Amino acid sequence: TGFTGWTIFGAFTSVVRMQALTILINQFFSPVVAAARTIALQVNNALNVFSSNFNTGLYVPIVKEYAARNKKGMFSLIFSGCKITFFLMWIFALPLCLRMEYVLTLWLNNLPEYVVIFTQLAIIESLINSISYPISTAARAPGKMGLYEGILGSLQLVIFISSWIWIEFFDGTPFTVFYMGIIINVVMFFVRLIIVNKL
């Protein structure tokens, strides 16, 4: 129950963050900016399929090595998984980022304002996240999810709160949402390492 409850909490905070940021963009900026963000997220989600499918295959071997108390084998899987996941993303992300305007023009005749830079920033955030997938799997292996999901779920919400504060009180641009996401995801990467080290 604890494992499932905390996992649901983590997924819930991720969904709340995405929906709250959409509402935030709609409240402070034009519908064109909201449409640009939606397109950026669609492209990003399509790109994420590769790395998430690869990590699905890693889940069972990492947990199996942990259960067998084979730390060397588990660490080898985690390190290799982090590298391969990142490079799988990188293979597709680099050409997309370099030729984003051309790729989006093939899909859309008229590109909304900000759509190219939004998509590039979303892909950068996903690249940072991709390194963490095997580490997240390792965190789940002991089954003690309270600390992990509690802290990382709270950091997901910090992305929304900090974006809202910056836009509301400091006249932030629409890019603020993506910048905050990138900064907090870098912080989350190091938090994951600390928590998994303790576990």
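## Helix packing and aromatic pairs

Helix 2 passes helix 5 in a right-handed crossing. The model examined here is predicted.

**Helix 2 against helix 5**

Two packed helices are described by the angle between their axes and the distance between the axes. For helix 2 (residues 31–67) and helix 5 (residues 115–130), the angle is about 40° and the axes are 8 Å apart. That makes helix 2 oblique to helix 5. On the helix 2 side, the residues in contact are Val 33, Ala 36, Arg 37, Ile 39, Ala 40, Val 43, Asn 44, Leu 47 and Asn 48. They meet Val 115, Phe 118, Thr 119, Ala 122, Ile 123 and Ser 126 of helix 5. By class, ten residues in this contact of helix 2 with helix 5 are nonpolar, four are polar and one is charged.

**Helix 1 against helix 7**

How far apart are the axes of helix 1 and helix 7, and at what angle do they cross? The axes of helix 1 (residues 2–28) and helix 7 come within 8 Å, and they cross at roughly 5°. Helix 1 is therefore roughly parallel to helix 7, as angles under 35 degrees count as roughly parallel. Helix 1 contributes residues including Trp 6, Phe 9, Gly 10, Arg 17, Leu 24 and Phe 28. Among the partners in helix 7 are Gly 146, Glu 149, Gly 153, Phe 160, Trp 164 and Glu 168. The contact of helix 1 with helix 7 has twelve nonpolar, nine polar and three charged residues.

**Helix 6, under cover**

Is helix 6 mostly covered or mostly uncovered? Helix 6 is mostly covered, with six of its eight residues buried. Those buried residues are Pro 134, Ile 135, Ser 136, Thr 137, Ala 138 and Ala 139. The cover includes helix 2, helix 3 (71–98), helix 5, helix 7 (146–170) and helix 8 (176–198).

Take Ser 136, which is found in helix 6 (residues 133–140). Its relative accessible area is 9%, so Ser 136 is buried. Leaving aside residues up to four places away in sequence, Ser 136 touches Tyr 148 and Arg 192.

**Aromatic rings**

How many aromatic pairs does a search of the whole structure find? The search finds twelve. One is the pair of Phe 86 and Phe 87, with ring centres 5.5 Å apart. Their planes stand at 80°, so this pair is edge-to-face. Phe 86 is partly exposed at 23% relative accessibility, and Phe 87 is partly exposed at 49%.

Tyr 114 and Phe 118 form a stacked pair, 5.6 Å centre to centre with 15° between the planes. Tyr 114 counts as partly exposed at 25% relative accessibility. Phe 118 counts as buried at 0%. Phe 118 is also one of the helix 5 residues that meet helix 2. Tyr 114 and Phe 118 belong to one aromatic cluster with Phe 175, Phe 178 and Tyr 179.

**Two loop residues with positive phi**

Arg 69 and Asp 171 each have a positive phi in a residue other than glycine. The table sets out their values.

| Residue | Loop | Phi | Relative accessibility |
|---|---|---|---|
| Arg 69 | between helix 2 and helix 3 | near 60° | 63%, exposed |
| Asp 171 | between helix 7 and helix 8 | near 50° | 69%, exposed |

Why does Arg 69 count as exposed? Arg 69 has 63% relative accessibility, and exposed means over 50%. Asp 171 counts as exposed because its relative accessibility is 69%.

Notes:
Residues numbered from 1 in each chain as written. Predicted model: local features only at pLDDT ≥ 70, side-chain atom pairs only at ≥ 80, totals over all residues. Heavy atoms only, no water. Axes fitted to C-alpha atoms, helices over the stretch in contact; angles between N-to-C directions. Helix = DSSP H or I, 4+ residues; strand = E, 2+ residues; numbered from the N terminus. Parallel < 35°, antiparallel > 145°, perpendicular 65-115°, else oblique. Left-handed = near helix turned anticlockwise from the far one by under 90°. Contact = heavy atoms within 4.5 Å. Nonpolar A, V, L, I, M, F, W, Y, C, P; charged D, E, K, R; others polar. Buried < 20%, exposed > 50% of the residue type's maximum accessible area, 1.4 Å probe, protein only. Phe/Tyr/Trp six-rings, centres within 6.5 Å; stacked < 30°, edge-to-face > 60°.
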